[in-house]
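Q: Could you pick one part of this protein and walk me through it up close? I'd like to know what surrounds it and what it helps to build.

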Amino acid sequence: MVGRATKRKRFYRGIRTIGGIATADPEQLRLKLGEPGIALYVYANGQDRSQVRREHTSIPEKSIGNSWTVPRDLENDKDVWLTLLMLCEGVGMRLRKAGYLGTVIEFSYRNTDLYWRSHQRKIPYGTDITKEILDITFSLYKEADFLPLR
């Protein structure tokens with residue numbers, strides 16, 4: 001659970017092992033990493049109380065998303081719209097296949113320096129319709145006013 005992003009937060013000064021996490025101050029882990037810091041502490045101390053599941057079973061999805069790093073910078077609305085169309089169609093198809101309706105739509109993006117941002121909107125109804133998802137996502141993009149995109 002300690003990937004690149006967690007390492008970049010430099011919480012680990014002096015912590016090099018799972019044992020180090022297990023003996024760390026849980027409040028300091030929470031302050032540095034939020035709730036994932038507490039999860040690390042709990043796991044490192046063997047206190048995971050998650051329900052045991054049978055092999056080859058899965059938990060229900062809580063979100064459905066789609067992302068892609070484009071091979072060149074997107075520098076205009078048309079390029080962004082075409083890319084979002086492809087991504088939103090993938091999300092819509094997966095929502096329909098799962099029998100879900102989405103109620104929060106999020107647009108996450110990076111610029112050419114790989115600076116990451118996201119915006120989201122809660123909608124008053126659930127949808128699995130690609131056009132609705134696309135329209136809301138494109139409006140989030142327009143509000144962000146953040147070109148070029150990668």
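A: Here is a close look at helix α6 and its surroundings. First, some ground rules: this is a predicted model, so local features need pLDDT of at least 70 and side-chain atom pairs count only at pLDDT 80 or more, while totals for chains, interfaces and linings use all residues. Residues are numbered from 1 along each chain as its sequence is written, and side-chain values use heavy atoms, with hydrogens and water left out.

Let's start with the helix itself. Helices here are DSSP runs of H or I with at least four residues, strands are E runs of at least two, and both are numbered from the N terminus. α6 covers 130-144. Its 15 residues reach 21 Å from the first C-alpha to the last, close to the 21 Å expected at 1.5 Å a residue (the expected span is 1.5 Å times one less than the number of residues). Right after α6 comes D145, with a positive phi near 50 degrees.

Now, which parts of α6 are tucked away? Its buried residues are T130, I133, L134, I136, T137, F138, L140, Y141 and A144. Buried means under 20% relative accessible area, exposed over 50%, and partly exposed in between, using a 1.4 Å probe and protein chains only. The cover over those residues includes α5, β1 and β2 (116-127).

Two residues are worth zooming in on. T137 sits in α6 and counts as buried because its relative accessible area is 5%. Contact means heavy atoms within 4.5 Å; leaving aside neighbours within four places in sequence, T137 is in contact with L84, C88, I105 and F107. L140, also found in α6, is buried because its relative accessible area is 1%. Beyond four places in sequence, L140 touches I105, E106, F107, H119, Q120 and R121. By comparison, H56, in the loop between α4 (35-44) and α5, is exposed, with a relative accessible area of 76%.

That brings us to the core. In soluble globular proteins, nonpolar side chains tend to be buried together. A nonpolar core here is a set of buried Ala, Val, Leu, Ile, Met, Phe, Trp, Tyr and Cys residues joined through side-chain atoms within 4.5 Å. The largest one has 21 residues, and V80, L84, F107, Y141 and L149 have the most contacts inside it. α5 (77-98), β1 (102-110) and α6 each supply at least two of its residues, and the largest share, 7 residues, comes from α6. L84 shows how this fits together: not counting residues up to four places away in sequence, L84 touches F107, L134, T137, F138 and Y141. A second, separate core of 6 residues includes I15, I21, L29 and L40.

α6 also helps line the largest pocket. On a 1 Å grid over the protein atoms alone, a pocket is an open set of points with protein on both sides within 12 Å along at least five of seven lines, and lining residues have an atom within 4 Å of a point. About 950 Å³ of space lies in this pocket, and of its 35 lining residues, G65, N66, E106, F107 and S108 are the closest to its centre. α5, β1, β2 and α6 each supply at least two lining residues, though β1 gives the most, with 9.

Methods
1 Å grid on protein atoms, 1.4 Å probe; cavity = no way out; pocket = protein on both sides within 12 Å on 5 of 7 lines; lining within 4 Å. Points joined across faces, edges and corners; volume = space filled by probe spheres on them.
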